[in-house]
Amino acid sequence: MKAIVCTKYGLDALKLEEIPKPIPNDDEVLVRVLASSLNFASMIRIKGKPFIVRPMIGGFLKPKYNIPGGEIAGQVEAIGRSIKQFKLGDEVYGDTCNCGYGAFAEYVCAPENILALKPTNISFEEAAAVPQSALVALQGLRAGQIQKWKKVLIYGASGGIGTFAVQIAKSYGAEVTGVCSTKNLEMIKALGADKVIDYTKEDFTKNGQYYDLILAIRGYRSIYDYHRALSPMGVYVMVGGSLAQIFQSASLGPQVFKNGSKKIGKFTYTPNQKDFVFMKELIEAGKVKPVVDKCYPLSEVGKALLYYSKGHARGKIFITVEHDKNLKREK
Ligand SMILES: NC(=O)c1ccc[n+]([C@@H]2O[C@H](COP(=O)([O-])OP(=O)(O)OC[C@H]3O[C@@H](n4cnc5c(N)ncnc54)[C@H](OP(=O)(O)O)[C@@H]3O)[C@@H](O)[C@H]2O)c1
């Protein structure tokens, strides 16, 4: 099969190679990958930068996993003996980030608990956008105690996670404000945001508005800014952002939030079938639709990551996996 292989860190080290097709263990499903998508975790595992993340990603001198890529959408090609939930030909989606990666390839093996049936009303490419980005948004909003009527601010609303966060928060009945740059204001409104703030023109901490939940995904505002913009019982949830933001939130957060009733909501993204099914239902109900930015073939993962790493994607970036149509599928 064809796969993107990285044996050294760096986008230049990525190579499209012909390698043996994996064979599923008894407790694994072999998925014929039709699409994947990019996310931050895949990017740092390929780049190995910033250097300080290397101990956390388990590969100090070279990547821990040779085939990168986490999010997948495709068809069940083969199943191990103890697989109960899926059968050959099922259309599935999921995230292999906790079971060895390998999504940037024609086939990948995965345990059934990180897969679910794909939403029926979207393409494989759109489905590949969902697993990690939508679940990070969902789990982050839950950590911030998302509820109907709550005033929610999504900082970094126009990217992969943000576009899901806006729609998921609306599906809960929250009043949503999205923060993004000028060119994305209309898109965020079209996704259902009640208000949009252009961060190049307006400072959300100085407009007299207070929020019950702030989900900070991208960019950098200090922990004091977020604290100031919260309503008295408000919750701040840091999903990501610049390194400075991450360190500041981790080091000063407990101190800044020590007194008073404002809180920091904590969560660690965990791919799980229950939440994939939850997202499938939201998508099939028409409440959430993945936002497509650009699409690249498997051979151009490096080019796609270069675009993603600039930090201004409009929704998700997809990787399509073309299979040789002359090859018969195994039964
Ligand atoms: N906590 C977890 O478990 C977890 C899991 C996965 C990912 N993450 C984090 O999520 C982040 C990546 O999210 P993503 O994939 O959604 O990113 P992304 O797709 O690259 O986000 C791009 C968006 O960020 C916006 N942005 C860039 N600079 C900004 C600024 N200065 N102020 C406000 N918005 C800005 C851009 O908006 P404009 O183009 O409009 O400027 C763009 O639309 C990373 O920091 C990663 O660590 C966390």
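## Strand β12 and its neighbours

In this predicted model, Y236 has I264 as its bridge partner in β13. That bridge belongs to the pairing of β12 with strand β13 (residues 263-265), which is parallel and runs over three bridges. The connection between these two strands passes through helix α8 (residues 243-256), and β12, α8 and β13 together make a right-handed β-α-β unit.

Y236 of β12 also stands opposite I214, a pair that belongs with the contact between strand β11 (residues 211-216) and strand β12 (residues 230-238), where five bridges join the two strands in the parallel sense. Here again a helix lies in the connection, since β11, helix α7 (residues 223-228) and β12 make a right-handed β-α-β unit.

## The six-stranded sheet

These strands are part of an open sheet of six, arranged in the order β10-β9-β8-β11-β12-β13, with parallel pairing. The edges are taken by β10 (195-198) and β13, each of which has a single partner strand, so one side of each is left without a neighbour in the sheet. On average, and with direction ignored, neighbouring strands of this sheet are turned by 20° against each other.

Further along the order, strand β8 (residues 151-155) pairs with β11 in the parallel sense over four bridges, and within this part of the sheet I154 stands opposite L215 in β11. At the β10 edge, strand β9 (residues 175-180) and β10 are likewise paired in the parallel sense over four bridges, with D198 in β10 as the bridge partner of C180. The path from β9 to β10 includes helix α6 (residues 185-190), and the three elements make a right-handed β-α-β unit.

## Surroundings of the ligand

The ligand has 26 residues around it, of which S158, S181, Y199, Y308 and A313 come nearest. By residue class, this shell divides into 12 nonpolar, 12 polar and two charged residues.

Three approaches to oxygen atoms of the ligand can be described individually. A polar side-chain atom of Y199, one of the nearest residues, lies 2.4 Å from a ligand oxygen atom, while for N184 a polar side-chain atom lies 2.8 Å from an oxygen atom of the ligand. In the case of G159 the backbone is involved, with an N or O atom of its main chain placed 3.3 Å from a ligand oxygen atom. The protein covers 87% of the 950 Å² of accessible area that the ligand has on its own, and the elements that give two or more residues to the surrounding shell are α4 (131-143) and α5 (160-171).

## Backbone details in two loops

Two loops contain backbone geometry that a chemist preparing the model may wish to see stated. The peptide bond joining K49 and P50 is cis, with omega at about -5°, and P50 lies in the loop between α1 (40-47) and α2 (54-57).

The other case is Q145, a residue other than glycine whose phi is positive, with a value near 55°. Q145 is found in the loop between α4 and β8, and the two elements that flank this loop appear elsewhere in this report: α4 is one of the elements giving two or more residues to the shell around the ligand, whereas β8 is a strand of the open sheet, in which β9 and β11 stand on either side of β8 in the order.

Note on methods. Residues are numbered from 1 along each chain as its sequence is written. This is a predicted model: local features need pLDDT of at least 70, side-chain atom pairs count only at pLDDT 80 or more; totals for chains, interfaces and linings use all residues. Side-chain values use heavy atoms; hydrogens and water are left out. A residue is near a molecule or strand if one of its heavy atoms lies within 4 Å of it. A polar contact is a pair of N or O atoms within 3.5 Å; within protein, one must be able to donate a hydrogen and the other to accept it, and residues adjacent in sequence count only if both atoms are side-chain atoms. Accessible areas come from the Shrake-Rupley method with a 1.4 Å probe; for residues, only the protein chains shown count as cover. Ala, Val, Leu, Ile, Met, Phe, Trp, Tyr, Cys and Pro count as nonpolar, Asp, Glu, Lys and Arg as charged, and the others, Gly among them, as polar. Two strands pair if DSSP finds at least two bridges between them. A crossover is right-handed if, with the strands pointing away from the viewer, the path from the first strand over the helix to the second runs clockwise. Axes are lines fitted to C-alpha atoms, for helices over the stretch in contact, and angles run from 0 to 180 degrees between N-to-C directions.
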